[in-house]
Amino acid sequence: MLPESILKQLTDLARVDGATLHLGVYYKNTLVALCHALEDAIAQSQGRPVVLAAFQLGKWYLQEADRYGQLADRSRQIVILAAPDAGFAEHPTSQRSNVAIVPLSPTDPVAQEWHLTIVSPSYCAMVLCQELTAADYGPEGPPQSDLERKFYGLWTFVPQWVDRGAALLVERVARYQPALAEQLQRQLAAVAQEQATAPGEDWLTITQQVVNYLQATHQHRHPALQPGQLGFEVGAPLDQNLVSNELQAFLRLAELLELSDGQNSGSAAEVAALTEAIGQLLDLPAAQLKRMRLAAALHRLGRWPAVWREGLADPSADCCDLSAVQVLRVMPRLRPIAHILNHLTEHWDGSGQPSGLAGDAIPLESRLVALCADFQHRRSGGEQPNEILQHYRDQSGRWDPKLLEALTLLAQGLQQGWELPQMSLRASSGLWLLDEGAIS
C-alpha cells in the first residue's frame, strides 16, 4: 500500500484497534458495476447524503460526470478528487453549487486510489481501493484492456469504517481547500445527527441491487448466457471476480446483522465452527461441509427483517422471513444455500415452519445449522452446555436425536477445554465456497 494513501491510513487505524479489514483484489469492471449500484441507491434513499469520490484522473470523472449531475439532485454535497487533466473542472456538472472539485497533485497517493464514500442519514457505503503498480502485475506487466486493470482494497457497509474513511478524505481535502473541508465537517456532523432519527435503509434491496448490477455486467460480457446460467467461466478471472463480489454482497449484509446484535456479534463465525465440527464428527463429505459453512455464515438472513427490526436475535423463534431467503436465489450458486435457510425453523416432529417437514425430510444441513445456531445463542447468553442439552431433551420433537447425540459429544469436549477454530466471515476469500460441484 502506498504511504500516505487513505487505504494505508485506514488499515493502520484498524490495526491499532485490533480489527481486521477484509482486503481483496478487484478488477475495474467489477468496481464500475459495484459503484454504479451504490450510487443508484442514492436516488432511492430517504436522506440526502454527502458523497466523496476519487477518480485518479479527471478523464475518468468526465466519463461519469453526467451521472454525477443526476446524483447531485439527490445529494447535499458531492466532492470529486482527481489529478487535473482533460479540463474536467469545466464540465457543467462541476459548476453546480453542491458539487466541488478538488484537483489533486499528481504525486498525491490519493491520485492512485479509487474512492466512493456515501454517508447518508439512512445508510452508508464505501469503496476504497488503490491501483496495483506495474511491479505488482508481475512479469506480464499491466493488462492491455482497461477493464482488466486491478485494484487492491475493500468495500463495506459498516458505519464505523465508512465514517473513518470519510474523515480521512476530509483531512486530505483540507490540504487543498481548507474552507471546503470545514464545510464537509459540518455537513457530516449534520448527517450524524439525522442518523439517530432517520429510518433505516432497506439493506436487502440495496444488496439485491448490487448483485443485479454485477450480474448485468457479466451478462454484457457473455450475451449468449441465460440469466439462470450466470456464473463464472473457468479460467476467466474477470468473471470470477464478479461472482465473488456477488457473494461478498450477501456476506456484507450478514456482517451488518452481526454488528446490529451487540450481545452476540460473533455468532456467524461460531455457528460455522460448531457446524463444521459436528459435521466432521458425523463424517460428512466435503461438499456438505462447504454448504453448511456458507449457510452458517448467512443463517441470520432467515430472520430478516421481521425479527431483526424488533431487535430480537433468538434463532429458536418460529419465524423465517422468506423474502430475505428468496433474494439469495438471484445468484444461481446460492440457491442450495437458500434451500437450507428456508427450512431452519422446521421441527423434527413436523410441527415447524414453513413447510411442516418432519424427520429426514428436513434437509440435514438445515437441521444441523439450526441446532448449532440455537446452541451458540444460548451459550452466548450465559447458559452452560449441560443446561442447554437438558433443555433440548425436554423439547421432545424439536431436534433430530442423532444430531443431539453428536452435539452432546462436542459439548463434553468444550467443557474439557476444547477450542473451536474461529472462522472469519471473510468475504474476499469466499469464492472457493461457490465451487459448482460442491453446491449444485
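Where is the place of Gly 359? I looked this up first, bearing in mind that I have a predicted model in front of me. Gly 359 sits in the loop between α11 (335-342) and α12 (364-380).

**Gly 359**

Next I checked whether this loop glycine is buried or exposed. Its relative accessibility comes out at 13%, and the cut-off for buried is under 20%, so Gly 359 counts as buried. I then listed what Gly 359 touches, skipping residues up to four places away in sequence, and got Trp 348 and Arg 367. I also took a C-alpha distance across the chain: Gly 359 to Pro 401 is 9.8 Å, with their positions 42 residues apart along the chain.

**Cores**

I went on to the nonpolar cores. The largest has 93 residues. Leu 38, Tyr 61, Tyr 68, Leu 116, Val 127, Leu 298 and Tyr 392 have the most contacts inside it. Which helix gives the most to this core? I found α7 (residues 237-260), with ten residues. Another core lies apart from this one; it has 35 residues, including Ala 14, Val 102, Leu 104 and Ala 111.

I picked Tyr 392 out of the big core for its contacts. Leaving out neighbours within four places in sequence, Tyr 392 is in contact with Leu 371, Asp 374, Phe 375, Arg 378, Trp 399, Leu 404 and Leu 407.

**Helix α8**

I turned to α8 (residues 267-281), which has 15 residues. From first C-alpha to last I get 21 Å, close to the 21 Å expected at 1.5 Å a residue. How many of its residues are buried? Twelve of the 15 are, so α8 is largely enclosed by the rest of the structure. I wrote down the buried ones: Ser 267, Ala 268, Ala 269, Val 271, Ala 272, Ala 273, Leu 274, Thr 275, Glu 276, Ala 277, Ile 278 and Gly 279. What do these buried residues pack against? My list reads α7, α9 (286-297), α12 and α14 (401-415). Past the helix I noted Asp 283, which follows α8 and has a positive phi, near 60°.

**Surface patch**

My last entry is on the outside. Met 1, Val 25 and Tyr 152 make a nonpolar surface patch of about 240 Å². I placed Tyr 152 in strand β7 (residues 150-156). With a relative accessible area of 30%, Tyr 152 falls between the buried limit of 20% and the exposed limit of 50%, so I put it down as partly exposed.

Terms used
Residues are numbered from 1 along each chain as its sequence is written. This is a predicted model: local features need pLDDT of at least 70, side-chain atom pairs count only at pLDDT 80 or more; totals for chains, interfaces and linings use all residues. Side-chain values use heavy atoms; hydrogens and water are left out. Helices (H or I, at least four residues) and strands (E, at least two) are DSSP runs, numbered from the N terminus. Buried means under 20% relative accessible area, exposed over 50%, partly exposed in between (1.4 Å probe, protein chains only). Contact means heavy atoms within 4.5 Å. A nonpolar core is a set of buried Ala, Val, Leu, Ile, Met, Phe, Trp, Tyr and Cys residues joined through side-chain atoms within 4.5 Å. The expected span of a helix is 1.5 Å times one less than its number of residues. Patches are made of residues with over 30% relative accessible area and no salt bridge: like charges are joined within 9 Å, nonpolar side chains (Val, Leu, Ile, Met, Phe, Trp, Tyr) within 5 Å. Accessible areas come from the Shrake-Rupley method with a 1.4 Å probe; for residues, only the protein chains shown count as cover. A salt bridge is a side-chain nitrogen of Lys or Arg within 4 Å of a carboxyl oxygen of Asp or Glu.
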